[in-house]
Amino acid sequence: MVLIVGLLIPLLGTMLGAAFVFLMKDEMSPRLQKSLLGFASGVMVAASVWSLLIPAMEMETSPNLSQGGEAFWSVFPAAVGFLLGMGFLLLIDESTPHLHIGTDKPEGPRSHLSRTAMLALAVTIHNLPEGMAVGVAFAGAENGATGLSLASALAVSIGIAIQNVPEGAIISMPMRAAGNSKWRSFVIGSLSGAVEPIGGLAVVLLASLITPVLPYMLAFAAGAMFYVVIEELIPEASEGEHSNLSTIGFAIGFVLMMVLDVVMG
């Protein structure tokens, strides 16, 4: 039961954020959007470090070695997994036609997809590593991995849900401003988070197979989330005016997720 709730919490965060479209009459102000982008970035970075990378390095990988050897093998899976996660998202980003909010120039290979479809694909790319992060955290907790417990896995889930609230709003509000109905904007914004519980469940179901490579998987999810932050969220939050608001939002999101992970972990 805890597992099911934990996997669904991030989706509920996205739906809550998408529901803002019913409360706001005009399009989202640039100041609010930059603040929310910064906040989401801070949460994702803190979750990647405290909930994924540090547990990956704390797992015993090669015992009975010298101190230097143990130090190397404790960081090796985290380093390799992190780079693989970054590379995987780079490959997905380059091979999938998608369109980011606030731009008119599609990225990836040419396609005849609609603007809405390409926006949805862009959000799916963002949410995939978040779902993986939640799934691998619960898989690690269920397998008794060092540094991971059900409480810490729930902290990851809640943290992702918190950053999904502004993400859901950032998706639904521009769609409403582009002429879509409120309900259509809400549904599309909500469905953008559906990939998270699906991805998380897939990882959990494969838990018995991934146990030997769990440190790599934790770091893989962290690398994928870092890619999203560096490639998309921070550039969008920093361009133009009011970029200082995104910096403040980042600090608040980072500290909130750090405290949440330490208290619950």
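# Exercises on a helical chain

The chain has an accessible surface of about 12,200 Å², and carbon and sulfur atoms hold 69% of that surface. The model is predicted.

**Exercise 1. Describe the secondary structure of the chain and how its contacts are spread along the sequence.**

Step 1. Count the elements: there are 10 helices and 0 strands.

Step 2. Read their order from the N terminus: α-α-α-α-α-α-α-α-α-α.

Step 3. Look at burial: 48% of the 265 residues count as buried.

Step 4. Take the contacts with a separation of 6 or more; 80% of them join residues 24 or more positions apart.

**Exercise 2. Find which residues and helices build the largest nonpolar core.**

Step 1. The core has 47 residues, and those touching the most other members are Leu52, Val136, Leu218, Met225 and Leu233.

Step 2. Now list the helices that supply at least two residues each: H1 (2-18), H2 (30-58), H3 (67-95), H4 (115-142), H5 (150-177), H7 (195-205), H9 (214-238) and H10 (243-264).

Step 3. Helix H9 makes the greatest contribution, 13 residues.

Step 4. Take Leu233 as an example. Beyond its neighbours within four places in sequence, Leu233 is in contact with Leu37, Ala40, Ser41, Met44, His126 and Val228.

Step 5. Set this beside a general tendency: in soluble globular proteins, nonpolar side chains tend to be buried together.

**Exercise 3. Decide whether alanine 122 is buried or exposed, and give its distance from aspartate 93.**

Step 1. Locate the residue: Ala122 belongs to helix H4.

Step 2. The relative accessible area of Ala122 is 4%. The cut-off for buried is under 20%, so Ala122 is buried.

Step 3. From C-alpha to C-alpha, Ala122 and Asp93 are 8.3 Å apart in space, while 29 residues separate them in sequence.

**Exercise 4. Classify the aromatic pair of Phe88 and Phe220, and state what the pair ties together.**

Step 1. The whole structure contains 7 aromatic pairs.

Step 2. In the pair of Phe88 and Phe220, the ring centres are 5.5 Å apart and the planes stand at 45°. Planes under 30 degrees apart would be stacked and those over 60 edge-to-face, so this pair is tilted.

Step 3. Phe88 is in helix H3 and Phe220 is in helix H9, so the pair ties together parts 132 residues apart in sequence.

Step 4. Check the burial of both partners: Phe88 is partly exposed at 30% relative accessibility, whereas Phe220 is buried at 15%.

**Exercise 5. Classify the aromatic pair of Phe250 and Phe254.**

Step 1. The centres of the two rings are 6.2 Å apart, with 20° between the planes, and the pair is stacked.

Step 2. Both Phe250 and Phe254 lie in helix H10, 4 residues apart, which is about one turn of the helix.

Step 3. Phe250 has a relative accessibility of 27%, so Phe250 counts as partly exposed.

**Exercise 6. Describe the surroundings of phenylalanine 22 in terms of its surface patch and its aromatic cluster.**

Step 1. Phe22 sits in the loop between H1 and H2.

Step 2. With 31% relative accessibility, Phe22 is partly exposed, since that class runs between the 20% and 50% cut-offs.

Step 3. Phe22 joins Leu23, Trp183, Val187 and Leu191 in a nonpolar patch on the surface, whose accessible area together is about 560 Å².

Step 4. Phe22 also belongs to one aromatic cluster with Trp183 and Phe186.

Technical notes
Residues are numbered from 1 along each chain as its sequence is written. This is a predicted model: local features need pLDDT of at least 70, side-chain atom pairs count only at pLDDT 80 or more; totals for chains, interfaces and linings use all residues. Side-chain values use heavy atoms; hydrogens and water are left out. A nonpolar core is a set of buried Ala, Val, Leu, Ile, Met, Phe, Trp, Tyr and Cys residues joined through side-chain atoms within 4.5 Å. Buried means under 20% relative accessible area, exposed over 50%, partly exposed in between (1.4 Å probe, protein chains only). Contact means heavy atoms within 4.5 Å. Accessible areas come from the Shrake-Rupley method with a 1.4 Å probe; for residues, only the protein chains shown count as cover. Patches are made of residues with over 30% relative accessible area and no salt bridge: like charges are joined within 9 Å, nonpolar side chains (Val, Leu, Ile, Met, Phe, Trp, Tyr) within 5 Å. A salt bridge is a side-chain nitrogen of Lys or Arg within 4 Å of a carboxyl oxygen of Asp or Glu. Rings of Phe, Tyr and Trp (its six-membered ring) pair if their centres lie within 6.5 Å; planes under 30 degrees apart count as stacked, over 60 as edge-to-face and the rest as tilted.
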